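Trainee: Please take a close look at one part of this model, a loop and what lies around it, and then carry on to the related features elsewhere. A single connected account would suit me best.

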Amino acid sequence: MQILQAILSGLAMGSVYALVAFGFSITYTTTKTFNFGQGAFLALAGLIGISAILLVTQGKLIGFPNPEDVTWGTFLFALLAAMLVLSLLGYVLYVTAIRHFVGEAGLSWVMSTIGFGIIIQNLALLIWGPAPIALASPLGEGIITIFGTGVRPQEILVFGTTLALMIVFDWALHKTKMGKAVRAVAFSKTTASLMGINANAVAVAVFAISSALAAIAGVMVAPIATASVFVGTLLSLKAFSAAILGGLENPRGCIFGGFLIGLLESLIGLWYSNLREIAVFALIIVVLYFRPAGILGRVHAEKV
């Protein structure tokens with residue numbers, strides 16, 4: 001029963017990693033860059049969600065929400081507010097810290113995105129402070145029994161939401177005009193531009209989507225891990241690791257990597273909690289030694 005419980009918890013956390021990893025993948029495939037400040041975005045999303053709930057229930061932006069304040073209505077409002085703010089922030093990030101470096105040699109965009117994330121984190125620290133803020137689940141704090149194993153309702157909600165979103169995004173990437181435009185820019189920005197696709201607009205869109213996914217992950221995980229200025233750092237690092245493990249250029253591989261890391265750390269933590277991070281990153285090193293492109297990554301032929 002403990003193993004089943006670990007699997008269910010691992011799938012829930014793996015869902016968070018998968019959401020953020022998917023965001024890393026679509027920005028990398030279209031612009032060959034990504035947001036190294038994504039951890040700050042994820043943390044900010046949870047705090048914005050807290051403030052949104054406080055605004056509609058207590059008429060203030062800073063404080064601690066009561067469990068009865070968190071209903072389906074207020075939780076969805078918090079989710080939408082965080083998605084809107086972070087989508088706009090993703091646009092600002094691209095315009096100010098990334099657009100000028102796309103297609104150029106060097107890694108200037110790395111420092112730009114790290115610096116952007118540090119600015120966001122410190123602004124959040126000034127507004128909300130360093131203390132973690134607990135957020136109740138809209139499904140309540142009871143335990144649901146599945147095959148004799150107790151699981152929190154929020155974990156089921158996180159997994160179900162992620163699964164639904166990933167199915168929708170996979171369909172959109174392969175069946176819609178926008179998805180085909182994203183894939184075309186990912187294949188060749190120059191060729192896509194010659195075919196009339198606005199590559200810059202596609203890049204803006206994927207950064208907004210990536211930031212919105214971080215917002216969903218940040219709000220969804222808040223009832224499980226609390227909301228805090230610092231909560232996103234390790235989560236985003238593991239999500240990036242999931243993207244590398246599964247295959248950074250393969251969105252489906254990134255999702256697979258997220259679930260794999262979530263399950264691995266949960267199962268190992270069942271017996272050796274202090275070894276979870278060691279095992280996760282050791283696995284990544286071993287996999288990349290034999291599969292540099294990731295488990296499901298595209299293997300490119302060497303240029304002679």
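Mentor: K32 sits in the loop between α1 and α2, the latter spanning 38-58. This is a predicted model, and the values below are computed from it. The phi of K32 is near 60 degrees, which is a positive value in a residue other than glycine. As for solvent, K32 has 40% relative accessibility and therefore counts as partly exposed, since partly exposed covers the range between 20% and 50%.

The helix before this loop, α1, covers 2-31. Together with α8, α1 supplies at least two residues each to the lining of the second largest cavity. That lining includes T30 and T31, along with Y94, V102, V185, K189, A199 and A203. By class, five of the lining residues are nonpolar, two are polar and one is charged. The space in this cavity is about 30 Å³.

The helix after the loop, α2, leads to a helix pair. Two packed helices are described by the angle between their axes and the distance between the axes. For α2 and α9 the axes come within 8 Å and cross at roughly 125 degrees. That angle makes α2 oblique to α9, because it falls between the roughly perpendicular range, 65 to 115 degrees, and the roughly antiparallel one, over 145. The handedness of the α2 and α9 crossing is right-handed.

On the α9 side there is another residue with a positive phi. T226 lies in the loop between α8 and α9, where α9 is 232-246. The phi of T226 is about 70 degrees, although T226 is not a glycine. With 29% relative accessibility, T226 counts as partly exposed.

The helix before that loop, α8, runs over 199-225 and, like α5 (153-175), supplies at least two residues of the lining of the largest cavity. P223 and I224 are among the lining residues, and so are R152, P153 and Q154. The rest of the lining is made up of S137, G140, E141 and G142. By class, three lining residues are nonpolar, four are polar and two are charged; glycine is counted as polar here. About 50 Å³ of space lies in this largest cavity.

The search of the whole structure finds two cavities of 30 Å³ or more. To return to the starting point, K32 is in the loop between α1 and α2, and α1 is one of the helices that line the second largest cavity.

Methods: Residues are numbered from 1 along each chain as its sequence is written. This is a predicted model: local features need pLDDT of at least 70, side-chain atom pairs count only at pLDDT 80 or more; totals for chains, interfaces and linings use all residues. Side-chain values use heavy atoms; hydrogens and water are left out. On a 1 Å grid over the protein atoms alone, a cavity is a set of points where a 1.4 Å probe fits but cannot get out, and a pocket is an open set with protein on both sides within 12 Å along at least five of seven lines; lining residues have an atom within 4 Å of a point. Grid points are joined across faces, edges and corners, and a volume is the space filled by probe spheres set on the points. Helices (H or I, at least four residues) and strands (E, at least two) are DSSP runs, numbered from the N terminus. Buried means under 20% relative accessible area, exposed over 50%, partly exposed in between (1.4 Å probe, protein chains only). Axes are lines fitted to C-alpha atoms, for helices over the stretch in contact, and angles run from 0 to 180 degrees between N-to-C directions. Angles under 35 degrees count as roughly parallel, over 145 as roughly antiparallel, 65 to 115 as roughly perpendicular and the rest as oblique. A crossing is left-handed if the near helix is turned anticlockwise from the far one by less than a right angle, and right-handed if clockwise.
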